[in-house]
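Here's a quick tour of how the parts of this structure fit together. Have the 3D view open and follow along as we go.

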Amino acid sequence: MKKKLKIAAVIIIISSAYLFGRVQRQILDDINMTSAIGYDYVDKDTVKATAVLPVYKPDQSVGNRTITASDELSKKTLSKINRQAARQVVNGKTEVALYSKKVAKQGIGGLVDSLQRDPSISERMMIVVVDGEANELLNKKYGDRDTGVYLSMLIEQNMKAGLVPKTNLHQFLNDYNSELKDPFLPLIEQKNEDIYFKGIALFKDDHYVKSLRQDQQFIFQALSENLRLGTYKLRLKNNEYAAIENINTKNSYRVQNVKGIPEINIHVKVKGIIREYTGRKTDEKEINLIRKQVEKDLEHQAAAMIRTFQRLKIDPLGFGEQVRSRTRNFNDRKWLEHYSDVKISVRAKVSIIEKGVVD
Amino acid sequence: MRMWFRKHPAEHDQNTVFALINRYKQSGDFVHFHHPQSPQAYWISYFGTLIDVEILHRDILPFLNKTAFTTLEEAKAALPFEDVLITSDLQQIQDQLLLGSVLIQLDEKDSICALVRAEMKKAREVTIPEEEYSVVGPKEAFVESITTNLNLVRKRLPISELKVKEFTIGALSKTKVAVLYMEGITNEENVNTVCQRLTDLQFHQILDSSFIAQLIADNGNSIFPQLIDTERPDRVAGVLAEGSVVILADGSSHALIGPISVMELFNAFEDYYVNWQTASALRVIRILAVSFSILVTPIYVAVLTYHYQLIPKDLMVTLVASRRNIPLPPILEAIILELTIELLREAGARLPSKVGQTIGIVGGIVIGTAAVDAGLTSNVLLIIIALAALASFTTPVYRMGNTIRLLRFPFLLLADLWGLLGIAIAFIFLMVHLLRLTSLGRPYLEPIYPPRLKDFKDIIIRLPFSSQSKRPINLQTKNQIRFSEKQAKEVHDIDE
Amino acid sequence: MKTAIKNEFLVSPFLVFFLMHGMQYGVGVLGFQRDIVKFVGHDAWISILIIGILVHIIIWMMYSMLNKDKGDLITIHQRTFGKWLGNLLSLLFIVYVLAESITVLRSYIEIVQVWMFPLLKTWPFALVFLLSVYYVVSGGFRIVTGVCFLSVLLPSYLILTFFVPIPFSNFRNLLPIFDHSIYEIAKSIKGAAISFSGFEYLLFYYSFIKRPASSQKWAHYGNLVTITLYLLVMIVTLGFFDQGYLKKVLWPTLMMWKIIELPFVERFELIGVTSWVVVMLPIVCLMLWSASRGIKEMFKLQQKKVLVFLLLICFLICCLLMERETIHQYNKWVATVGFYTLFGYIPFLFVCYHLRFKVRKKG
């Protein structure tokens, strides 16, 4: 009797779990996985969202389909997109989110919120700012995969090569939520049939304020992270060009006078190999010349760049964080007040370790 | 059927040997005749189908006809048998006749009579093991005769410590069952458990040792084998020396070994015939194959039904493209394919020879290709299921393979319900079940739980013989030491 | 006064290591960081060290009582406070144990609902899970210990995953050290101490250990490993998140798993959440075992029946906790009660017990 009761209980539990415990299915071939989402400016309250839906064909090729919808809320646009799609649209595989410059200027905090709140979004997702319309960029198909995957592969490859500073959703959210640091994102542009990197978009809180040109990017990267595979091109006085590759950089911050208005000294060590030189010969004298030139250029660029940051009161390199970690009872407000007056100097030390196989 | 065996209501005058013989005469194969011409007239009766006629004509009748005897005692002395029984116990007579004895009486109506064993010993020749075939090592397998089997074991352990306890089990089958153990090594408690369970066994018919395995298992409702059955006498000899208890049953070509732990089901005895590195690698591969076999289809179902995020973007194209035209949800697709494989296996097993298996596999490939072409299943799943089926056959113990194939279905159903979480829940139930199981009262999951690091020397991996100087702790043997560890340890320097 | 437990039901002393560590290392790991960081920011790891030392002291106190008593919480209570008051206190303790088991189960189900299946109903999952708990607990303490042992060993691969976020981390975040006042640290200890609970069950299972006095070192090792793991997770978390962001994130550990990408699997957090069901199984099992064992001893009831009754209560309360806010409120309540029970009541009991003993010796 007792045994029968037990068996009955087990059967009831299992069958009720089966009957009532069902959860929503997302069968792989019955869903549309957005691979990229782009946001464009419509008016002050409305954004236009463009979702890229890869179309997988049985012959293993991938097509590209985009759906556009506009609304005030980012999640709402997704449901509007859903209305236009034959299969349920899900965003767990979104690789890239693009914001047009215009949207970025308005502030992307609200749009990013939908990304950080959604547990299905990857922390490794890329965020980029588009110079131009995100919709236009996404509508085109580049390469053999859909635009989202293509973009993520493009960005990843460039980050690995050290051409673009390493960013992802996690980094962005860290900087965005930080009191001291300001976020920055890669800036891309579509030209003809290709997408290329234009520079770095700088933010104040969630508003886009300015972009760094391509030639300032190297020193920016050298100051924000330790590069492993950078490249640097320089123009010498005698109108010759040199390209340095495989650059290893290492930065070290020194902060003085933490009690009053701090003073920050940054040392950047750059080690690289000459890969290209339009001059005649790379003897010791010439190399020394190149070395000196690079040091001077870098220090110059850094000074100019940091001045701009201080003028705009933005801190994408995290100077505040450097000071905070060296100060007891650090006061955020006081630092932010004095930020534009803080003396920040950069010293570069370049060493050329190899010059290829010819002299 | 049962009523044929029921004893006729015994009347008073029928309680004699004569009445018994008369009753038996109703069977066509019962022989009962009178020898009047020899020095002494006598009656002889037997079941013609049970005795070896050659023994009768060569070893019994000539001696009886030659010698003059007046009593059965004299006849016993004349016969070249050492176990001639003289009795008037009706029950004994009845039993002995049915086991193939020849009954000798001086007079038909005498109640005292001599019984000579002349049973027909028809058994298969000792052949090559089929289930546990191994490329290296001995190639003898048990046969259906318990005498032969005992001989095969005794040959390998010619010492007096090997003890055999005999039982007769089964009201109808009267099967002879032998319990083997090593005195001074095997834990008495284990032997007693086995003997106790065998004595308590209430079952009318034991046709094979697997009947016993099912009947004396600690948990009869578990799908895990709690005793290993083997057809290799070398394995039996090996585990006896280790301290296990072995059960042999007449009419069965498989011996039962206990107590065991679940990890032993992944050990082939062949592992001891190859070097320890190979053996360890093979065992690890088997365990991985089994985990793969259980988990891979459920994971496929879980990921495709619920967790699309998990799939790397490079794999996405292959997976989605292969699923594009499939009308069925992953769970149905998987179950149909699993059943197809089971069907092929079952059909292959029922076909007369190994050709059946080949046909089955070829059929499988043809059906599989056709199913993919027709868009009924995805080729990715077909590969997965075929690999999983293949992996389930790597277990050296045949019964474990069945268990594994069956285990997959609850995992599949739960994967369909709650995705990966469902698989975890199924895993939890499996884990707890294994924890709760015992084999002859010893923990089934040993040496994992209770954790005994020393027992890992011959579980999952196999260390060299030199480090196997102690017997497994799980068997709680009386003598832990297998051989002396002390070896002439010479210290050599380089170039000396 | 009490029949000794049969030898075959006892477990080896070193398994106390797994009982101790397995019970402490549960759902708390997924989100304990917030409660500490809220008060002490980047000095959170100091609070963990301090809690660790406190727990060591309490483990020592419990052993000092149990070694003398050779019984469990029930007998200690009875000897210290007399039969009626002692039993009442034991009953209150058991109510707390039950409340804690509900917290663990409901918190885990909430994580599943947020991270995996938003539409998962609480009750079918709770039902199936509690069925497995019944299956474990009805097997007795040996099986509970076995589950504890395997649930520590099998998901131990997850420790490796805590090293993956390191390349994405900035350990300057941890500087400067000792930037907070003692008062702030004390407040953080109160907030997070509940994550380290689980050692108190020693009071129930002590009499099931072979040569129990010798198991003390294993209990301390268990706690040591727990503290080390919590410390590791905390330090990586502090490096991985900026303070501002960390204060927003509800489950920082799960968030860290999101960054992991393996060649065959992306989005590791789903695997983490799934593995965690194995991690939290022994916790609920041992809690319910302790509760049912305690009641059995006090009222001489059949443990199986008590267990079914407790499971039913557990199930019903789990289903009643529906919204995030109610769950949060409930958890907070249990955490407060837990803090005072573990770090206030047990030392108090320790003092009472020894005083009583001394008085009796004199008299």
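**Where chain C meets chain B**

Between chain C and chain B, the salt bridge count is zero. Keep in mind that this is a predicted model. We'll start with this interface, then hop over to chain A, and finish with a helix inside chain C.

- The polar contacts here come to six residue pairs, with both partners at pLDDT 80 or more.
- On the chain C side, helices H6 (83-115), H7 (122-137), H8 (141-153) and H15 (269-299) each bring at least two residues to the surface that touches chain B.
- Sort the chain C residues that touch chain B by class, and you get 28 nonpolar, seven polar and three charged.
- Counting who takes part, chain C puts 38 residues into the contact and chain B puts in 26 residues.
- Together, chain C and chain B bury about 2,900 Å², and 80% of that is on carbon and sulfur atoms.
- Three residues to click on are Phe117(C), Tyr135(C) and Glu266(C): they supply 21% of the area that chain C buries against chain B, more than any other three residues.

**Where chain A meets chain C**

- Now look at the other side of the story: 35 residues of chain A touch 36 residues of chain C.
- This pair of chains buries about 3,200 Å² between them, with 51% of it on carbon and sulfur atoms.
- Pro119(A), Glu123(A) and Arg124(A) supply 18% of what chain A buries against chain C, more than any other three residues.
- How many salt bridges does the rule find across the interface of chain A and chain C? It finds two salt bridges there.
- You can look one of them up yourself: Arg124(A) forms a salt bridge with Glu261(C), and their closest N and O atoms are 3.9 Å apart.
- Polar contacts between chain A and chain C add up to 20 residue pairs, both residues being at pLDDT 80 or more.
- In chain A, helix H1 (2-20), helix H7 (169-177) and helix H10 (319-324) are the elements that give two or more residues to the side touching chain C.
- H1(A) gives the most to that side, with six residues.
- By class, the chain A side that touches chain C holds nine nonpolar, 16 polar and ten charged residues.

**The two domains of chain A**

- The domain assignment splits chain A into domain 1 (25-212) and domain 2 (216-359).
- Measuring from C-alpha centre to C-alpha centre, domain 1 and domain 2 of chain A lie 31 Å apart.
- Where they meet, 20 residues of domain 1 of chain A are in contact with 26 residues of domain 2 of chain A.
- The area buried between these two domains of chain A is about 1,800 Å², and carbon and sulfur atoms give 63% of it.
- The salt bridge count between domain 1 and domain 2 of chain A is zero.
- As for polar contacts, the two domains of chain A have five residue pairs, both at pLDDT 80 or more.
- Strand S9 (194-204) and strand S10 (207-212) of chain A each supply at least two residues of the domain 1 side that touches domain 2.
- S9(A) gives the most to that side of domain 1, with five residues.
- By class, the domain 1 side that touches domain 2 in chain A has eleven nonpolar, two polar and seven charged residues.

**Zooming in on Phe184(A)**

- Find Phe184(A) in strand S8 (residues 184-191) of chain A.
- Is Phe184(A) buried or exposed? Its relative accessibility is 5%, so Phe184(A) counts as buried, the cut-off for buried being under 20%.
- Leaving out residues up to four places away in sequence, Phe184(A) touches several residues, including Pro165(A), Ile200(A), Leu202(A), Phe220(A) and Pro316(A).
- Phe184(A) and Val357(A) are 173 residues apart in sequence, and 39 Å apart in space from C-alpha to C-alpha.

**A buried helix in chain C**

- Why is helix H1 (residues 15-24) of chain C described as largely enclosed by the rest of the structure? Ten of the ten residues of H1(C) are buried, so the description fits.
- Among the buried residues of H1(C) are Leu15(C), Phe17(C), His21(C) and Gln24(C).
- The buried residues of H1(C) pack against helices H4 (44-69), H8, H11 (202-205), H12 (216-240) and H15 of chain C.

Conventions. Residues are numbered from 1 along each chain as its sequence is written. Chains are lettered from A and ligands numbered from 1 in the order in which they are written. This is a predicted model: local features need pLDDT of at least 70, side-chain atom pairs count only at pLDDT 80 or more; totals for chains, interfaces and linings use all residues. Side-chain values use heavy atoms; hydrogens and water are left out. Contact means heavy atoms within 4.5 Å. Buried area is the accessible area (1.4 Å probe) that two parts lose on being put together, summed over both. A salt bridge is a side-chain nitrogen of Lys or Arg within 4 Å of a carboxyl oxygen of Asp or Glu. A polar contact is a pair of N or O atoms within 3.5 Å; within protein, one must be able to donate a hydrogen and the other to accept it, and residues adjacent in sequence count only if both atoms are side-chain atoms. Helices (H or I, at least four residues) and strands (E, at least two) are DSSP runs, numbered from the N terminus. Ala, Val, Leu, Ile, Met, Phe, Trp, Tyr, Cys and Pro count as nonpolar, Asp, Glu, Lys and Arg as charged, and the others, Gly among them, as polar. Domain bounds come from an automatic or database domain assignment. Buried means under 20% relative accessible area, exposed over 50%, partly exposed in between (1.4 Å probe, protein chains only).
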